[in-house]
Amino acid sequence: MAIPLDLREATAEQMQDFLNSFDIIFSDCDGVIWNLLNPIPGAILSLQKLQDLGKKLYIVSNNSNISTDEYIKKFRKYGLSIEPEQIIISVKVISSYLKKLKVSGKIVVLATPQFRESLNKDGFHTILPSFEINERDPSNTIKNIYNQACVDAVVLDFCNYDWSLIVFLLKCLNNESVHYITGCTDEYISYNSNEKIIGSGPFIDIISKYSKRSPIKCAKPSQVLKQYILDTCNVQDPERCLFIGDSIKTDMKFAHMCGFKKMFVDTGIETIKNAIKDEETCPHFYLPSLGMLYSIIDSLQNISKKQNI
């Protein structure tokens, strides 16, 4: 198995080869650029540096807890100029997929308000029913659930999954004609570089198990997301693309699925020690933090200037 190149130890020639090997960058957010609300030092500077070198940048995140506009504002606050088409989040991919399916009826969406608002803006009729649970008499709650009208699709992402909603979803998915679609199914979410918390994946797994349905997945790693990127990002040669991530099961697996070069950082939920165990997820390049890339490129440019004097 190949050993990833640690860019801290790369020679000037190796570093230049690295920069010359890709034209498009796809970067994850959580655990790579920031952890929750805290930017990872130097990460945004590194991405801006790569953009200044003429690389096309796309943000590819399973996190649709904030809208595209909020992503743009957040990046610009920290000095990274970015346009809406450069933000690829699961709600965008799901919207595109629902349009291909020509879904026109009601869609029950368990996700954040921003996620539902995005689908509503795209012309979909989303619902999020609520059921009052009488703990002394749950049969009345069940009656209310089963009196709800049918929907055309079930869309699941990061959300609060309570008992009544799970029962309702299982009732909907009992109808095979109802589309079953998921966004983020991450097992864990990066809280900071030392901690992780449970994600939406385990709850969605429960719904899949008891509905006996396999969802159409639209986030990393999925074929639907791969096709979306190939359709919208002008990828001419997958090998000329670099994917930067912190997760083995989502980022590195997805990059392998797409045929992209892989760069792994240690600021999220996984470690390079585990990433190199499997040939599919073993990265080509490694840095403990994306923030280190800025100074490495800066040093390379200074060497080049001296040589040209």
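Here are a few notes on two pockets, one helix and one strand of this predicted model.

1. **The largest pocket.** Start here if you have the structure open: the largest pocket holds about 830 Å³ of space. Its lining runs to 43 residues, and the ones closest to the centre are Asn62, Cys184, Asp186, Glu187 and Tyr188. By class, that lining splits into 16 nonpolar, 12 polar and 15 charged residues.

2. **What builds the lining of the largest pocket.** Several elements put in at least two residues each: the helices α3 (68-77), α8 (201-211) and α10 (248-258), plus the strands β11 (188-192) and β12 (195-198). Which of these gives the largest share? That would be α10, with 4 residues.

3. **The second largest pocket.** This one has about 280 Å³ of space. Its lining is made of 16 residues, and if you want to find the centre, look for Ser67, Thr68, Asp69, Ser118 and Lys121, which lie nearest to it. Two or more lining residues come from each of α3, α4 and α5 (113-121), and α5 contributes the most, with 5. The class count for the second largest pocket is 5 nonpolar, 5 polar and 6 charged. Note that α3 turns up in the lining of the largest pocket too.

4. **Helix α4.** Besides its part in the second largest pocket, α4 is worth a look for its geometry. The helix covers residues 90-101, 12 in total, and spans 16 Å from first to last C-alpha, close to the 16 Å expected at 1.5 Å a residue. Its buried residues are Ser90, Val91, Val93, Ile94, Ser95 and Leu98. Just after the helix comes Lys102, with a positive phi near 60°.

5. **Strand β2, both faces.** Is β2 (residues 24-27) covered on one face or both? Both: Ile24 and Phe26 are buried on one side, and Ile25 and Ser27 are buried on the other. As a reminder, side chains in a regular strand alternate between the two faces of the sheet.

6. **Strand β2, its partners.** β2 pairs in the parallel sense with β5 (residues 56-61) over 4 bridges. Within that pairing, Ser27 has Ile59 as its bridge partner. β2 also pairs with β14 (residues 241-245), again parallel and over 4 bridges; here Ile24 stands opposite Cys241. To check the register by eye, Ser27 with Ile59 and Ile24 with Cys241 are handy pairs to display.

Methods
Residues numbered from 1 in each chain as written. Predicted model: local features only at pLDDT ≥ 70, side-chain atom pairs only at ≥ 80, totals over all residues. Heavy atoms only, no water. Expected span 1.5 Å × (residues − 1). Buried < 20%, exposed > 50% of the residue type's maximum accessible area, 1.4 Å probe, protein only. 1 Å grid on protein atoms, 1.4 Å probe; cavity = no way out; pocket = protein on both sides within 12 Å on 5 of 7 lines; lining within 4 Å. Points joined across faces, edges and corners; volume = space filled by probe spheres on them. Nonpolar A, V, L, I, M, F, W, Y, C, P; charged D, E, K, R; others polar. Pairing = 2+ DSSP bridges.
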